[in-house]
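This report concerns side-chain pairing and nonpolar packing in one protein chain. The sequence and structure are shown first, and the analysis comes after them.

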Amino acid sequence: MTTTGPATGPAPATLVGGAPAFAGRLLVLERLGLDTYGLADRHTEPGELRSLALLLARQAERLDDADQELRRHAALAIRRLERTRSGDHRDVEQWGLLASLGRDIEALATRYHLAVEHLVMAVHFYRQATESPAAGATASRHAASRIRSSTTVPVAGVEVAAAGPAVASSPARGR
C-alpha cells in the first residue's frame with residue numbers, strides 16, 4: 001500500500017491505497033503490516049484466527065469512527081474560534097457554545113483513547129495467535145480431526161478410520 005498526504009475535508013486523513021485511512025487502520029498497518037480491509041479473508045476456516053481477525057477489524061473500525069468524530073468536532077471548534085478571533089463573538093454568548101463543544105471534545109477524546117487501548121490489545125492477541133508455534137499446531141489439530149472424522153480406509157474387507165485409535169481385539173472365547 002502506498003501512503004500519500006492527507007485528504008482534505010472536515011476530518012482530513014492520510015490516503016492509503018486511494019482510500020482515507022484514519023487512526024485504526026493506520027495503527028494496524030503500522031504494527032502488523034496488514035490492512036484491515038479483507039483481514040478476515042486471510043483466515044477462511046471458521047475458528048479462533050478468523051474470530052480474532054474479525055475482532056481486530058471491528059476494533060480498528062471503532063477507532064476510525066472515534067478518530068473521524070474527534071477530528072470533525074475539532075474542526076468545528078477551530079472554525080468557531082477563528083470567527084471569534086476575527087471579531088465575530090456570536091459563539092461566546094451566554095449559552096456557551098464553546099464550553100459545550102469543549103465538553104464534547106473531551107468526551108470524544110476519552111472514547112478515542114479507550115478505542116486505542118482496545119485495538120492495541122486486539123493487535124497483540126492477533127499477533128500472538130498468528131506468530132506462535134501453537135497457531136500452527138492448532139491448525140494441524142483441526143486438519144487431523146477432520147481427517148479422522150471423515151476418512152475411512154478399507155483394510156482386508158474391514159473399514160477402519162484413518163489415524164483412529166487402535167482397538168485391541170482378542171479372539172472370541174467359547175464358553
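The text below takes up the salt bridges, then a long-range helix check, and then the nonpolar core.

The model is predicted, and side-chain atom pairs are counted only at pLDDT 80 or more.

**Salt bridges in helix H2**

Four salt bridges are found when the whole structure is searched. Side chains of opposite charge can pair when their charged atoms come close. Three of these pairs, described here, are listed with the N to O distance of each.

| Pair | N to O distance |
|---|---|
| Asp67 and Arg71 | 2.9 Å |
| Glu69 and Arg72 | 2.7 Å |
| Arg85 and Glu82 | 3.2 Å |

The spacing along the helix accounts for these pairings. An α-helix has 3.6 residues a turn, so residues three or four places apart point the same way. Asp67 and Arg71 lie four residues apart in helix H2, which covers residues 48-85, and about one helical turn therefore separates them. Glu69 and Arg72 are three residues apart in helix H2, again about one helical turn. Arg85 and Glu82 are likewise three residues apart in helix H2, with about one helical turn between them.

The pairs can also be described by their accessibility. Asp67 is buried at a relative accessible area of 6%, whereas its partner Arg71 is partly exposed at 28%. In the second pair, Glu69 is partly exposed at 24% relative accessibility, and Arg72 is partly exposed at 35%. In the third, Arg85 is exposed, with a relative accessibility of 68%, while Glu82 is partly exposed at 40%.

**Helix H3 and the nonpolar core**

Helix H3 comprises 35 residues, from 97 to 131. At 1.5 Å a residue H3 should span 51 Å, and the 50 Å between its end C-alpha atoms agrees with that value. Buried residues of H3 include Leu101, Leu108, Tyr112, Ala115 and Leu119. Ala122, Val123, Tyr126 and Ala129 are also buried in H3.

The largest nonpolar core contains 21 residues, and Leu56, Leu119 and Tyr126 have the most contacts inside it. At least two residues of this core come from each of helix H1 (23-32), H2 and H3. The greatest contribution to the core is that of H3, with eight residues.

Which residues does Leu56 touch, leaving aside those up to four places away in sequence? Leu56 touches Val28, Leu32 and Leu39, and also Leu119, Ala122, Val123 and Tyr126. Among these contacts, Leu119, Ala122, Val123 and Tyr126 are buried residues of H3.

How values were computed. Residues are numbered from 1 along each chain as its sequence is written. This is a predicted model: local features need pLDDT of at least 70, side-chain atom pairs count only at pLDDT 80 or more; totals for chains, interfaces and linings use all residues. Side-chain values use heavy atoms; hydrogens and water are left out. A salt bridge is a side-chain nitrogen of Lys or Arg within 4 Å of a carboxyl oxygen of Asp or Glu. Buried means under 20% relative accessible area, exposed over 50%, partly exposed in between (1.4 Å probe, protein chains only). The expected span of a helix is 1.5 Å times one less than its number of residues. A nonpolar core is a set of buried Ala, Val, Leu, Ile, Met, Phe, Trp, Tyr and Cys residues joined through side-chain atoms within 4.5 Å. Contact means heavy atoms within 4.5 Å.
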